[in-house]
Amino acid sequence: MNEMWTPDSWRQRTARQLPTYPDAAALAQAERQLAGWPALIFAGEADALRTRLAAVARGEAFLLQGGDCAESFEDLGADTVRDTFRVILQMAVVLTYGAACPVVKLGRIAGQFAKPRSSDVETVDGTALPSYRGDIVNGAEFTAAARTPDPQRLIRAYSHSASVLNLLRALAQGGFADLHQVHRWTADFVRDSPQGERFEALAGRIADCLAFMEACGFDAARTPQLHAVEFYTSHEALHLHYEQALVRRDEASGRWYGGSAHLLWLGERTREVEGAHVEFLRGLHNPIGIKVGPTATPSDLQRLLDRVDPDRVPGRVVLISRMGAGKLPNRLPALVRSLREAQRDVVWCCDPMHGNTVSSANGYKTRDFAAIVTEVRDFFAVHAAEGSHAGGLHFEMTGQDVTECRGGAQGLTDASLEERYRSACDPRLNGSQSLELAFMAAEMLKAGRKA
Ligand code: PEP
Ligand code: CO
């Protein structure tokens, strides 16, 4: 690691997408407070995730990353968190069973509060106010008071993250994720849908397998993998004041770790090599993600990887392509090829959401299920053609019965969007659409692994 790195060396660089706080002293006070509190995750956990991701990069496992576009302070009740968690579990089981492949489970959760925006201001009826930048910065309501960046929100983001993470740890380890409970993971609104029925049939086969193995003398009680899951957290490392305040030095190794989540990612708008966000992340030992949009060139990527992963640490980097259906077949192959030639073994993950955002006729930001499926299908096809591993999928999803993305087996239309559009930012797949996609992806993964 370049010795010039320090947790605050990013402050010498241009930092895009950060809010301007009217009260700098109040911001500094909030940062000091956070710096004195415990990290939310620990070095050993981040290292374990890196080991899992190294297996994904070798084609021995698959990454499933999902959750809200933006979490909101108001919507972090136990039911919401549990519902997201169980849909991720369901998707993971569908992929594990369908493709006989271990799945690394990574939530966009317990800290996904900061949002990049295309404009610093939003103008409504001639009034201009700062854009909403996520609950860690300001409020969504269109009033001057709500939109003024408030440093106390950093403290709230920390405490919300801590309580969500506590619940996730309990759900993952405390019995809910036990494979014997697989029937309990289906939400009522999904149960009677075609996906729900398909999942129940799969759950039945899993229960039969377990019963058979146990009848043969297999001691399920002594097999921890059946009773608990490893579940990791991630979010975009956008708010650098917050992220810096949670950096900790691991005493045993002397290495620096981001303490706010297991994996932190660089967004499409903040990945320039000389910028503050890249500077910050390069010094942390956590695994990191990098969003890769349609304008990224092979040389951009090479320079970026040389900067954030000079030692080519296995499992260190997840490249999250977000090209847009239609663009992916033209853009991705050259990137994959150039990294292969440079002998860079990264995890390639597909975000089929952020390149496929459109406006509906009735004024909603939405995404078409068909476009999402097309991008995923093309992602698998490109990796099959290039001889590389389609390593994972990245979704904006929720366990709730929302109507934010069009299409899917439920046949959601523009008119449906008016019914239950609840996202604080981008449109998410609902529980039923998520499961539908998981069944399709399992087929693609299975075919790819056979080949
Ligand atoms: C996101 O993941 O919510 C996001 C803003 O993505 P991107 O940086 O790829 O636009
Ligand atoms: Co988003």
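The following paragraphs describe the pockets, the cobalt site and the cavities of a predicted model.

Local features in this predicted model need pLDDT of at least 70, side-chain atom pairs count only at pLDDT 80 or more, and totals for chains, interfaces and linings use all residues. Residues are numbered from 1 along each chain as its sequence is written, chains are lettered from A and ligands numbered from 1 in the order in which they are written, and side-chain values use heavy atoms, with hydrogens and water left out.

Pockets and cavities were sought on a 1 Å grid over the protein atoms alone: a pocket is an open set of points with protein on both sides within 12 Å along at least five of seven lines, a cavity is a set of points where a 1.4 Å probe fits but cannot get out, and lining residues have an atom within 4 Å of a point. The largest pocket holds about 860 Å³ of space, a volume being the space filled by probe spheres set on grid points that are joined across faces, edges and corners. It is lined by 30 residues, of which T96, K105, L179, Q225 and V229 are the closest to its centre. The helix α3 (78–99) gives the largest share of this lining, 5 residues, where helices (H or I, at least four residues) and strands (E, at least two) are DSSP runs numbered from the N terminus. The lining comprises 23 nonpolar, 3 polar and 4 charged residues, with Ala, Val, Leu, Ile, Met, Phe, Trp, Tyr, Cys and Pro counted as nonpolar, Asp, Glu, Lys and Arg as charged, and the others, Gly among them, as polar.

The second largest pocket has a volume of about 640 Å³, and of its 30 lining residues P116, R117, K365, C425 and D426 are the closest to the centre. In this lining 9 residues are nonpolar, 8 polar and 13 charged.

D426 also takes part in the cobalt site, where C69 (SG), H354 (NE2), E396 (OE) and D426 (OD) are the protein donors of the cobalt ion (ligand 2), at 2.1 to 2.4 Å from it; donors are N, O and S atoms within 2.8 Å of the metal (3.2 Å for Na, K and Ca), and sites may look incomplete because water is not among the atoms. C69 lies in the loop between β1 (62–67) and α3, and D426 in the loop between α14 (414–417) and α15 (431–450), so this pair ties together parts that are 357 residues apart in sequence. Both C69 and D426 are buried, that is, under 20% relative accessible area, with exposed meaning over 50% and partly exposed in between (1.4 Å probe, protein chains only).

The structure also contains 3 cavities of 30 Å³ or more, and the largest cavity has a volume of about 50 Å³. Its lining includes D68, E71 and R108, and α3 contributes the most to it, with 3 residues.
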